[in-house]
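Thanks for asking me to look this one over. Here are my notes as numbered points, starting with the ligand and working outwards.

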Amino acid sequence: MISSLRQPSIAISGSDIVFGKRHATLIPPQSFLPSLVSEKSHRFVVSLKKPLHLACIGVGNFGSVKNFETEKSFEKGDLVKCGAYEADRSEVEDSGTPSAAAKKVKIGIYFATWWALNVVFNIYNKKVLNAYPYPWLTSTLSLACGSLMMLISWATRIAEAPKTDLEFWKTLFPVAVAHTIGHVAATVSMSKVAVSFTHIIKSGEPAFSVLVSRFILGETFPVPVYLSLLPIIGGCALAAVTELNFNMIGFMGAMISNLAFVFRNIFSKKGMKGKSVSGMNYYACLSILSLAILTPFAIAVEGPAVWAAGYQTAMAEIGPQFIWWVAAQSIFYHLYNQVSYMSLDEISPLTFSIGNTMKRISVIVSSIIIFHTPVQPVNALGAAIAIFGTFLYSQAKQ
Ligand code: 3PG
């Protein structure tokens, strides 16, 4: 049985739950940096924002921790296993309580903010890349900006710093490698092709997810899920072959980004069980680690000499405004990702993927309008088929 819990800032030890002790202690003041606890602890901190599920396997009616005090007492031996893990959001969505409407409004606000921030990011990102085609540096700057923003937020206590241990960073590492590859690949793609084309190809991510799960993890899916891949793959292929400004690096960048983000999601899901860092702080830690991974590669691939020369050219062509574009793409990159991770705290992965598809539609349409991207009717048809396929996929997965 699985119970969900949203609660104030309290720390609960795993053993307290297993053995029925009923006390909670306040979290002591923390340093602004995520603390590194080298020894493994059996305590876990319940985050303010993270919905936490307590899974009881092998018992009858354990009840939710919210109602823990009123539950009938149970024997120690009744509990075979009790573990806490990052919420599978699908189970916290439909409460049917009076607060459900407020929650829907909150999720609506998250979605609108996420899409708006993403549209702004994509526009400034493309403007920067048009004037300064160094995607490895601009990717690094977006991560650096987000990391700096979060370090300042923790230092000034605007945001509560997460409590992390070495194990946390170890499990985060493969996630960060995949995030870094996916981020750089998408930026390289956008430096070579229209923003709309990158996002059309990126709408094929569910196909990568199913294929990786099927052929690498050995998972099987209902037949409708496989069938939904036909319009996704067919639509992307049609859009690619009819793209007026097709570029192989741009195409491959979007494909690699899709693959990397599928692995990021798999590692994320596997690695974060039992952790209770809020979505916002989880993304902050991911940015910091990705920045550390990416920086040496960015220097090796492009390097300061190329960057300096490119900067002179961009300043000569655009003027000081160019600096603001770089700042905007970096800040909005962090903000849209932060909001998307915060909304992941509230919704199921399925709802999230539908939201992500809607986001791509906003980006594709707005970027075509803003950059006057030439689109042939058959190209638009391919994009529409691919996006329709992602909706079929999300229905088939239900
Ligand atoms: C990036 O730079 O990381 C990509 O633009 C990410 O795109 P997505 O968040 O829309 O998948």
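1. Start with the ligand's polar contacts in this predicted model. The side chain of Y336 places an N or O atom 2.6 Å from an oxygen atom of the ligand. R360 has a polar side-chain atom 2.8 Å from a ligand oxygen, and for K202 the distance from a side-chain N or O atom to an oxygen of the ligand is 3.2 Å. On its own the ligand would expose 310 Å², and the protein buries 95% of that.

2. Which elements give two or more residues to the shell around the ligand? They are α4 (166–192), α5 (195–202), α11 (321–344) and α12 (349–370). The most comes from α4, with four residues. If you want to set up a selection, the residues around the ligand are F121, H183, A186, T187, M190, H199, K202, F261, Y333, Y336, K359 and R360.

3. Helix α5 deserves its own look. Eight of its eight residues are buried, so α5 is largely enclosed by the rest of the structure. The buried residues are V195, S196, F197, T198, H199, I200, I201 and K202. Two of these names, H199 and K202, will be familiar from the residues around the ligand.

4. Next, the salt bridge: the count comes to one. E346 pairs with K106, and their closest N and O atoms are 3.2 Å apart. The pair links distant parts of the chain, with E346 in the loop between α11 and α12 and K106 in helix α2 (residues 99–131), 240 residues apart. Are the two partners buried or partly exposed? E346 has a relative accessible area of 6%, so it is buried, whereas K106, at 34% relative accessibility, counts as partly exposed.

5. Two buried polar residues are worth a click. S213 lies in helix α6 (residues 205–215) and counts as buried because its relative accessibility is 8%, under the 20% cut-off. Apart from neighbours within four places in sequence, S213 is in contact with G218, E219 and F221.

6. The other is N379, found in helix α13 (residues 377–397) and buried, with a relative accessible area of 4%. Setting aside neighbours within four places in sequence, its contacts are A239, T242 and E243. In addition, the C-alpha atoms of N379 and L244 are separated by 8.7 Å, although the two residues are 135 apart along the chain.

7. On the outside, there is a nonpolar surface patch of about 440 Å², made by I181, F246, M248, M252 and I256. Helix α8 (residues 248–271) gives the most to this patch, with three residues; M248 is one of the residues in α8. A general point helps when viewing such a patch: an α-helix has 3.6 residues a turn, so residues three or four places apart point the same way.

8. Finally, the totals for the chain. The protein chain comes to 13 helices and eight strands, and 51% of its 398 residues count as buried. Among contacts with a separation of 6 or more, 86% are between residues 24 or more positions apart. The chain exposes about 18,800 Å², with carbon and sulfur atoms supplying 68% of it.

Terms used: Residues are numbered from 1 along each chain as its sequence is written. This is a predicted model: local features need pLDDT of at least 70, side-chain atom pairs count only at pLDDT 80 or more; totals for chains, interfaces and linings use all residues. Side-chain values use heavy atoms; hydrogens and water are left out. Patches are made of residues with over 30% relative accessible area and no salt bridge: like charges are joined within 9 Å, nonpolar side chains (Val, Leu, Ile, Met, Phe, Trp, Tyr) within 5 Å. Accessible areas come from the Shrake-Rupley method with a 1.4 Å probe; for residues, only the protein chains shown count as cover. A salt bridge is a side-chain nitrogen of Lys or Arg within 4 Å of a carboxyl oxygen of Asp or Glu. Buried means under 20% relative accessible area, exposed over 50%, partly exposed in between (1.4 Å probe, protein chains only). Contact means heavy atoms within 4.5 Å. A residue is near a molecule or strand if one of its heavy atoms lies within 4 Å of it. A polar contact is a pair of N or O atoms within 3.5 Å; within protein, one must be able to donate a hydrogen and the other to accept it, and residues adjacent in sequence count only if both atoms are side-chain atoms.
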